[in-house]
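Me: Please take a close look at one helix of this model and tell me how it sits against its surroundings.

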Amino acid sequence: TQSTWELLNTFVSKEEKTELSDSVFESCKYHKTKIASLIGDLEANGAKLQNTDLDPQNGERYLELLQLNEDLNRSIQAYTGIKAPGSPTVVASTPSGDVPAQA
């Protein structure tokens, strides 16, 4: 998951959208969903995980999962903001009839 996230960040930093980057993006969305589900399971079983690396109160691995989930979310959001090649650019214009007359 970490390497897939890093690869997505490379595409985001280059503002590159290709079939490969779309595939990496989909993989990151899948991993984020799985990590979010795992976090929910860990929180539901917090009492059983006390004083372990997965303890939702302060477990080192649990905190790493939270951070990775946040990192994936940021990268996914950033990637969705990249325009695909050939996408039309919106240009603001004023219709010729709306130009104010000069006095």
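Reply: What follows treats the helix pairing, then one residue, then the whole chain.

This is a predicted model, in which local features need pLDDT of at least 70, side-chain atom pairs count only at pLDDT 80 or more, and totals for chains, interfaces and linings use all residues. Residues are numbered from 1 along each chain as its sequence is written, and side-chain values use heavy atoms, with hydrogens and water left out.

The protein has three helices and zero strands, where helices (H or I, at least four residues) and strands (E, at least two) are DSSP runs numbered from the N terminus. The axes of helix H1 (residues 2-13) and H3 come within 10 Å and cross at roughly 30 degrees, the axes being lines fitted to C-alpha atoms over the stretch in contact, with angles from 0 to 180 degrees between N-to-C directions. That makes H1 roughly parallel to H3, a label given to angles under 35 degrees. On the H1 side the contact (heavy atoms within 4.5 Å) involves residues including Trp5, Leu8 and Phe11, and on the H3 side Leu68, Leu72 and Ile76 are among them.

Asparagine 69 also lies in helix H3, which spans residues 60-80. Asparagine 69 is buried, with a relative accessible area of 15%, since buried means under 20% relative accessible area with a 1.4 Å probe and protein chains only. Not counting residues up to four places away in sequence, Asparagine 69 touches Lys32, Ile35, Ala36 and Ile39.

Over the whole protein, 28% of the 103 residues count as buried, and among contacts between residues at least 6 apart in sequence, 60% join residues at least 24 apart.

Note on methods
Buried means under 20% relative accessible area, exposed over 50%, partly exposed in between (1.4 Å probe, protein chains only). Angles under 35 degrees count as roughly parallel, over 145 as roughly antiparallel, 65 to 115 as roughly perpendicular and the rest as oblique.
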